[in-house]
Amino acid sequence: MKILVTGTAGFIGYHLAERLISEGADVTGIDSINDYYDMNVKFGRLKRTGISADDISYSKTLVSRKHKNYKFVQLNLEDKENLDKLFREEKFDAVCNLAAQAGVRYSLTNPDVYINSNITGFLNILEACRHNDVNNLVYASSSSVYGKNEEYPFSIHHNVDHPVSLYAASKKSNELMAHCYSHLFNIPTTGLRFFTVYGPWGRPDMALFLFTKAIIEGKPIDVFNNGQMRRDFTYIDDIIEGIARVIKNPAKPNPDWTGKNPDPGSSSAPYRIYNIGSNRPVLLMDFINTIEKYLGKVAEKNYLPLQPGDVPASHADVQDLMKNFGYSPRTGIEEGIRKFLEWYIDFYKINLKLREI
């Protein structure tokens with residue numbers, strides 16, 4: 001298969017590219033390489049796939065120095081002209097769109113970025129798929145779309161019309177846009193609602209990274225909602241296993257779907273939505289405590305109220321993904337956190353030995 005993965009300088013995109021390359025797929029990766037967080041982490045990921053920062057030039061196609069079946073292009077999704085050109089030249093069988101402006105809190109102060117990247121950029125992906133006979137579009141949605149919903153666990157069959165951040169609204173918009181293209185142009189689309197992904201090469205703006213950095217440096221950590229938050233923390237390997245299976249199996253119409261009793265997670269068109277999480281929510285304080293035990297340090301905690309745009313709990317119902325794809329998340333937080341900490345200590349060259357717990 002010829003597969004386009006967008007966001008390959010990003011956390012999930014990097015890991016997915018590595019997985020698909022190892023399976024022998026012909027992979028092209030694109031990324032804008034913006035400065036939303038530490039560029040060294042992004043360039044470090046690219047280096048692992050054989051792409052040197054010194055060789056990168058906007059819209060120039062680079063062939064990996066490590067993998068003959070991997071190419072990379074620095075490209076913005078908003079750049080319709082160059083995106084269309086890439087699609088015409090490569091004739092992709094499948095596309096996995098992971099590029100987006102992430103972050104709930106950042107959307108409170110930088111809303112325009114979310115419209116440009118997550119709405120306009122995604123429209124350009126849909127149009128490129130439409131005009132180049134792409135057989136399968138898989139794209140990143142988010143658990144944030146559940147918003148004001150308080151029925152746990154979160155199910156793809158629940159209504160999600162009440163987002164509480166522009167980031168969440170942009171991801172819900174992606175799902176609606178994808179449905180239109182599935183219905184009008186018969187493009188198989190599958191949206192994956194990710195639940196708090198963590199692990200090696202993770203994002204520096206995420207809780208695990210922030211907590212680890214602060215605890216090691218002896219600085220206080222911000223604990224929102226006074227620590228009374230639950231998150232469906234999902235290890236990166238489990239996420240990648242799920243995505244890889246979905247890429248190989250394009251969405252199909254649901255023959256039982258009816259407009260009189262519409263199921264939000266499927267359609268009469270080749271359109272599907274799935275949660276992809278661990279299905280094992282963890283109390284935030286237990287998550288922090290596990291980090292403290294491994295590091296042998298107790299964090300100074302700055303307890304704060306729930307931030308605007310945040311939700312107090314997330315819990316993924318993954319039954320549909322398990323039933324249709326044999327998805328089975330395996331990694332608990334003790335194992336997952338330890339692997340992240342090992343990576344963090346190695347990447348930043350920190351003289352620290354982890355404790356046994």
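Helices (H or I, at least four residues) and strands (E, at least two) are DSSP runs, numbered from the N terminus. This is a predicted model, in which local features need pLDDT of at least 70, side-chain atom pairs count only at pLDDT 80 or more, and totals for chains, interfaces and linings use all residues. Residues are numbered from 1 along each chain as its sequence is written, and side-chain values use heavy atoms, with hydrogens and water left out.

**Exercise 1. Describe the chain as a whole.**

Step 1. Take the elements: the chain has 11 helices and 14 strands.

Step 2. Judge the compactness. The radius of gyration, taken over C-alpha atoms, is compared with the globule rule, 2.2 Å times the number of residues to the power 0.38. The chain has a radius of 20 Å, close to the 21 Å that the rule gives for 357 residues, so the chain is as compact as a globular protein of that length.

Step 3. Add the box. Along the principal axes, the C-alpha atoms fill roughly 55 × 55 × 40 Å.

Step 4. Look at burial. Buried means under 20% relative accessible area, exposed over 50%, partly exposed in between (1.4 Å probe, protein chains only). Of the 357 residues, 56% are buried.

**Exercise 2. Find which side of helix 3 is buried, and what it packs against.**

Step 1. List the buried residues of helix 3 (residues 80–90): L83, D84, L86, F87 and E90.

Step 2. Check the arc, which is that of the directions from the helix axis to the C-beta atoms. These residues cover only 160° around the axis, which puts them on the same side of helix 3.

Step 3. Find the partners by contact, meaning heavy atoms within 4.5 Å. The buried residues pack against strand 1 (2–6), strand 2 (26–31), strand 4 (70–74), strand 5 (94–97) and helix 5 (111–131).

**Exercise 3. Compare K91 and N225: backbone, place and burial.**

Step 1. Take the backbone. K91 is not a glycine, yet has a positive phi of about 55°. N225 is not a glycine either, and its phi is positive at about 55°.

Step 2. Place them. K91 lies in the loop between helix 3 and strand 5. N225 sits in the loop between strand 9 (221–223) and strand 10 (230–231).

Step 3. Read the accessibility. K91 counts as partly exposed because its relative accessibility is 49%. N225 counts as buried because its value is 19%.

**Exercise 4. Locate S32 and name its contacts.**

Step 1. S32 is in the loop between strand 2 and helix 2 (39–48).

Step 2. Leave aside neighbours within four places in sequence: S32 is then in contact with Q74, L75 and N76.
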